[in-house]
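Visitor: Could you walk me through this model, one question at a time?
Guide: Happily, let's take a look together.

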Amino acid sequence: MRLIVMGPPGAGKGTQATVVAANLGIPHVSTGDLFRANVGQGSELGLEAKRYMDAGEYVPDSITNAMLRDRITHDDCRPGFLLDGYPRTLDQVNELDMMLAASGQALDRTVELTVDTDEVVERLLKRAQDQGRTDDTAEVIRRRLEVYAEQTAPLTAVYEGRGLLVRVDGLGDVAEVTRRILAALAN
Ligand code: ADP
């Protein structure tokens, strides 16, 4: 199973992606987590990425694509993977298509988690208190939502056009949303 989970910041992507990937027995590949791990290690990639992340901007495609390629060519991704936070730009969509084609693989489904803006802002501000992520300030959250609306929301149309998109309501408790996603994938 090769899946993408999309949705605005605060939609619960990371939480759901972790549970759904474990349920399906495939690796959860989160570009946000990979960047944060690099930031934590103080690697060159991390230092570069942090400048963008802290401003609520996307990390440049060249960096993101190379990091993702490196991750999904690991052996553990051979049976499948769940992508969380990738692709986020049209360039990344094209890059992923090329990566998959090169290894004779195909995507099975793209899940879009939908939530309204007021709800996501509230969740992100709460997460700021709980986890202290440096990109969860009100101003940076606003920018991340804008960038998502401009660059990433339109990408769902690409997957819809390919007949791969399923929309799932992200409102409700975590277990309920997980059930909805698994039910949508079973169809
Ligand atoms: P959220 O979806 O809540 O914003 P993520 O953990 O997915 O959180 O991403 C955090 C930050 O990491 C993004 O705001 C962006 O700066 C960077 N990032 C993650 N994935 C990508 C990507 N595919 N392309 C560019 N930047 C990315």
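Visitor: How are H6 and H7 oriented to each other?
Guide: Welcome, and please keep in mind that this is a predicted model. Helix H6 covers residues 117-131 and helix H7 covers residues 138-152, and their axes cross at roughly 140°. Angles over 145 degrees would count as roughly antiparallel, and 65 to 115 as roughly perpendicular. The angle here falls in neither range, so H6 and H7 are oblique to each other.

Visitor: Which residues of H7 meet H6, and what is the handedness of the crossing of H6 and H7?
Guide: On the H6 side, the contact uses Thr117, Val120, Val121, Leu124, Leu125 and Arg127. Their partners in H7 are Ala138, Ile141, Arg144 and Leu145. The crossing of H6 and H7 is right-handed.

Visitor: How many residues in the contact of H6 with H7 are nonpolar, polar and charged?
Guide: Arg127 of H6 and Arg144 of H7 both take part in this contact, and Arg counts as charged. By class, the contact of H6 with H7 has 2 charged, 1 polar and 7 nonpolar residues.

Visitor: Which atom of the ligand lies 3.0 Å from a polar side-chain atom of arginine 144?
Guide: Arg144 belongs to the H7 side of the contact with H6. Its side chain also has a polar atom 3.0 Å from the ligand, and the ligand atom there is an oxygen.

Visitor: Which ligand atom is 2.7 Å from a polar side-chain atom of arginine 88?
Guide: Altogether 19 residues surround the ligand, and Arg88 is among the closest, along with Lys13, Thr31, Glu57 and Gly85. For comparison, arginine 36 has a side-chain N or O atom 2.8 Å from a ligand oxygen. For arginine 88, the partner at 2.7 Å is a ligand nitrogen.

Visitor: Which two residues does a cis peptide bond join?
Guide: Look in the loop between strand E3 (81-84) and helix H5 (90-102), where proline 87 has its place. The bond has an omega of about -5°. It joins tyrosine 86 and proline 87.

Visitor: Are H2 and H4 roughly parallel or roughly perpendicular to each other?
Guide: The axes of H2 (residues 31-41) and H4 (residues 61-72) come within 11 Å and cross at roughly 100°. Angles of 65 to 115 degrees count as roughly perpendicular. H2 and H4 are therefore roughly perpendicular.

Visitor: Which residues of H4 make the contact with H2?
Guide: From H2 come Thr31, Leu34, Phe35 and Asn38. Thr31 is also one of the closest residues to the ligand. The H4 residues are Ile63, Thr64, Met67, Leu68 and Arg71.

Visitor: At what angle do H1 and H9 pack?
Guide: Helix H1 spans residues 13-24 and helix H9 spans residues 174-186, with their axes 10 Å apart. The two are oblique to each other, and their crossing is right-handed. The angle is about 50°.

Key. Residues numbered from 1 in each chain as written. Predicted model: local features only at pLDDT ≥ 70, side-chain atom pairs only at ≥ 80, totals over all residues. Heavy atoms only, no water. Axes fitted to C-alpha atoms, helices over the stretch in contact; angles between N-to-C directions. Helix = DSSP H or I, 4+ residues; strand = E, 2+ residues; numbered from the N terminus. Parallel < 35°, antiparallel > 145°, perpendicular 65-115°, else oblique. Left-handed = near helix turned anticlockwise from the far one by under 90°. Near = heavy atom within 4 Å. Polar contact = N/O pair within 3.5 Å; in protein donor to acceptor, adjacent residues only side chain to side chain. Contact = heavy atoms within 4.5 Å.
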